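Please look over the sequence and the coordinates before reading on. The text below is meant to be followed with the model open beside it.

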Amino acid sequence: MNVEVTPLPGIGTRQDFMIRAGRRMGVITHRDGKFELIVSRKDDADDCMASIALTSAEAATLAGLLGGPQLVAHLEEQHRDVAGISTQQFPVVPGSRFDGSPLAETELRTRTGASIVAVVRANGVHPSPRPDFVFAGGDQVVVVGTAEGLAAAGDLLGGG
């Protein structure tokens, strides 16, 4: 997809692209941190048919809803041609051992040989989380590793 970025002096930036239905869809990122989801008219790509104001939290949640599955599919595609390496998601169960704990406490890589490459949360995707990243119940932890490493990661994250 070709995403066009247009500076909007005094406002922020507009990022949009043409969708299959013949409309442009995009986001206006305001200088004050607000967002607008925009859709153009079919007969005039420069005329906005709909504009939905979003708070930062709403925009992050929408990004997570749209981006999480795409990230996992992209990672799976990248590792498809690498023999013995797979990608899998594991939930952080609310109230479980690692709910509210930093990633470092899992010692997942040391204990399993697998690596956490992202965490999908309702407010967005957190790629390459740092050791001080704190898990929350409901997170989906995206892990890359061998079949044995993924099984061990699932056991560890599921109850450790």
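The paragraphs below go from the overall fold to the salt bridges, then to single residues in the loops and at the surface.

The coordinates are a predicted model. The mean pLDDT of the chain is 82, and 86% of its residues reach 70 or more. Confidence varies by element: helix 2 has the highest mean pLDDT (92), while helix 1, residues 56-79, has the lowest (65). Where pLDDT is low, the predicted coordinates should not be read in detail.

The chain contains three helices and nine strands. Read from the N terminus, the order of these elements is β-β-β-β-β-α-β-α-β-β-β-α. Of its 160 residues, 29% count as buried. Among contacts with a separation of 6 or more, 44% are between residues 24 or more positions apart. The chain exposes about 9500 Å², and carbon and sulfur atoms supply 56% of that area.

Charged pairs come next. Side chains of opposite charge can pair when their charged atoms come close. A search of the whole structure finds seven salt bridges. One of them joins Asp139 and Arg121, with an N to O distance of 2.7 Å. This pair links distant parts of the chain: Arg121 belongs to strand 7 (residues 115-121), Asp139 lies in the loop between strand 8 and strand 9, and 18 residues separate them. The two partners differ in their cover. Asp139 is buried because its relative accessible area is 1%, which is under the 20% limit for that class. Arg121 has a relative accessible area of 21% and is therefore partly exposed.

Another salt bridge is formed by Arg14 and Asp16, whose closest N and O atoms are 2.8 Å apart. Asp16 has a relative accessible area of 3%, so Asp16 is buried. The two residues also belong to a network of salt bridges that links Glu4, Arg14, Asp16 and Arg24. A further salt bridge is found between Arg130 and Asp132, where the closest N and O atoms are 3.5 Å apart. Here both Arg130 and Asp132 are exposed.

The loop between strand 6 and helix 2 can be examined through three of its residues. Is Ser101 buried or exposed? The relative accessibility of Ser101 is 9%, so this residue counts as buried. Ser101 sits between strand 6 (86-91) and helix 2 (108-112). Its side chain reaches the backbone oxygen of Arg97 at 3.4 Å. Leaving aside residues up to four places away in sequence, Ser101 touches Phe133, Val134 and Phe135.

Ser96 is placed in the loop between strand 6 and helix 2 as well. With a relative accessibility of 18%, Ser96 counts as buried, because the class takes in values under 20%. The side chain of Ser96 reaches the backbone oxygen of Val93, and the distance is 2.6 Å.

Glu107 is also found in the loop between strand 6 and helix 2. What is notable about its backbone is the phi angle. Glu107 has a positive phi of about 50°, although this residue is not a glycine. Its relative accessibility is 48%, so Glu107 counts as partly exposed; the exposed class requires a value over 50%.

A positive phi also occurs at Ser128, at about 45°, and Ser128 is not a glycine either. This residue lies in the loop between strand 8 (124-127) and strand 9 (140-145). That loop also holds Asp139, the partner of Arg121. Ser128 has a relative accessibility of 59% and therefore counts as exposed.

The last stop is at the surface. Which residues make a nonpolar surface patch of about 350 Å²? The patch is made by Met1, Val3 and Val5. Val3 lies in the segment before strand 1 (4-8). With a relative accessible area of 46%, Val3 is partly exposed.

Notes
Residues are numbered from 1 along each chain as its sequence is written. This is a predicted model: local features need pLDDT of at least 70, side-chain atom pairs count only at pLDDT 80 or more; totals for chains, interfaces and linings use all residues. Side-chain values use heavy atoms; hydrogens and water are left out. Helices (H or I, at least four residues) and strands (E, at least two) are DSSP runs, numbered from the N terminus. Buried means under 20% relative accessible area, exposed over 50%, partly exposed in between (1.4 Å probe, protein chains only). A polar contact is a pair of N or O atoms within 3.5 Å; within protein, one must be able to donate a hydrogen and the other to accept it, and residues adjacent in sequence count only if both atoms are side-chain atoms. Contact means heavy atoms within 4.5 Å. pLDDT is the predictor's confidence in each residue, from 0 to 100. Patches are made of residues with over 30% relative accessible area and no salt bridge: like charges are joined within 9 Å, nonpolar side chains (Val, Leu, Ile, Met, Phe, Trp, Tyr) within 5 Å. Accessible areas come from the Shrake-Rupley method with a 1.4 Å probe; for residues, only the protein chains shown count as cover. A salt bridge is a side-chain nitrogen of Lys or Arg within 4 Å of a carboxyl oxygen of Asp or Glu.
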